[in-house]
Amino acid sequence: MNLRHDPSRWGFPVQPPQPPETGPAFPGWLEERLFDQRIVMIRGQLTSDVATGISAALLTLDAAGQAPIQLHVACPGGELSAALAVVDVIDALVSPVHVLVTAEAGGAALAVLAAADRRAGYRHARFKLAEPRAAGVNGTADEVAAAAGQHLRELEEVVVRLAEVTGKPRSRVEDDLSVGRSLNATEALEYGLLDEVISPKAR
């Protein structure tokens with residue numbers, strides 16, 4: 001062992017490796033049960049760390065079999081680059097990905113929604129058509145300008161995918177994102193964001 005880099009040498013406790021985060025912590029046994037059912041959850045803001053955890057889970061499930069993967073979304077937004085990292089993985093999977101919006105989907109989460117093979121939502125789910133935000137950028141004026149240009153190109157990709165999924169003109173999607181249009185589940189179904197709204201079981 002290289003003692004120079006051993007934290008216990010200096011009195012700091014050695015931390016065991018932690019699994020990648022996929023949102024606010026669930027009990028371990030519950031995460032395992034969900035994973036066994038091929039369910040992955042996006043909870044809270046979509047960051048690069050959350051995207052890494054989601055991507056790892058999706059890739060692991062895809063390697064284990066080709067049954068549909070259920071991606072449950074309760075995400076008000078997040079970083080566009082993080083969302084596109086998840087989108088790239090979804091595009092590369094053999095297994096189909098079915099998204100279920102359990103609470104809300106907005107901003108960057110819309111890119112993930114548009115990449116899914118099938119999209120459903122609970123009847124009280126809410127949707128926010130809003131431009132995904134860029135991750136913080138530091139550097140020279142040229143570096144900031146380059147990052148802004150990259151963000152606009154990535155945003156254009158999201159607009160194109162949303163237009164394809166919904167059947168709406170790109171100009172309409174751009175306008176709705178610009179004004180931050182809010183939709184309930186029924187309106188999202190009519191808009192084309194969803195294929196299905198989960199209805200209550202007959203009693």
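On one side of helix 6, Ser178 and Val179 are exposed, opposite that helix's buried residues. This is a predicted model. The chain holds seven helices and seven strands. Buried residues account for 41% of its 203 residues.

**Helix 6 and its end**
- Helix 6 spans residues 170-179, and its buried residues are Val173, Asp176 and Leu177.
- These three lie on the same side of helix 6, because they cover an arc of only 100° around the axis.
- Ser178 and Val179 are on the other side and are exposed.
- Glycine 180 comes just after helix 6 and takes a positive phi of about 70°.

**Helix 2 and its cover**
- Helix 2 runs over residues 48-64, a stretch of 17 residues.
- From first C-alpha to last, helix 2 reaches 24 Å. That is close to the 24 Å expected at 1.5 Å a residue.
- Nine names make up the buried list here: Val50, Ala51, Gly53, Ile54, Ser55, Ala57, Leu58, Leu61 and Asp62.
- Two helices are among the elements covering these buried residues: helix 1 (28-36) and helix 3 (80-92).
- Strand 1 (39-43) and strand 2 (69-75) also contribute to that cover.

**Arginine 38**
- Arginine 38 sits in the loop between helix 1 and strand 1.
- Its phi is positive, at about 60°, although arginine 38 is not a glycine.
- Most residues other than glycine have a negative phi.
- Arginine 38 is buried, as its relative accessible area is 13%, and the cut-off for buried is under 20%.

**Rings and charge**
- A search of the whole structure for aromatic pairs finds zero.
- Tyrosine 191 does have a charge over its ring: the charged end of lysine 168.
- That charged end is 4.7 Å from the centre of the tyrosine 191 ring.

**The chain as a whole**
- Starting at the N terminus, the order of elements is α-β-α-β-α-β-α-β-β-α-α-β-α-β.
- Consider contacts between residues at least 6 apart in sequence: 66% of them join residues at least 24 apart.
- The exposed area of the chain is about 11400 Å². Carbon and sulfur atoms supply 53% of that area.

Technical notes. Residues are numbered from 1 along each chain as its sequence is written. This is a predicted model: local features need pLDDT of at least 70, side-chain atom pairs count only at pLDDT 80 or more; totals for chains, interfaces and linings use all residues. Side-chain values use heavy atoms; hydrogens and water are left out. Helices (H or I, at least four residues) and strands (E, at least two) are DSSP runs, numbered from the N terminus. The expected span of a helix is 1.5 Å times one less than its number of residues. Buried means under 20% relative accessible area, exposed over 50%, partly exposed in between (1.4 Å probe, protein chains only). Contact means heavy atoms within 4.5 Å. Accessible areas come from the Shrake-Rupley method with a 1.4 Å probe; for residues, only the protein chains shown count as cover. Rings of Phe, Tyr and Trp (its six-membered ring) pair if their centres lie within 6.5 Å; planes under 30 degrees apart count as stacked, over 60 as edge-to-face and the rest as tilted. A charge sits over a ring if NZ of Lys or CZ of Arg is within 6 Å of the ring centre and within 35 degrees of the ring normal. The arc is that of the directions from the helix axis to the C-beta atoms.
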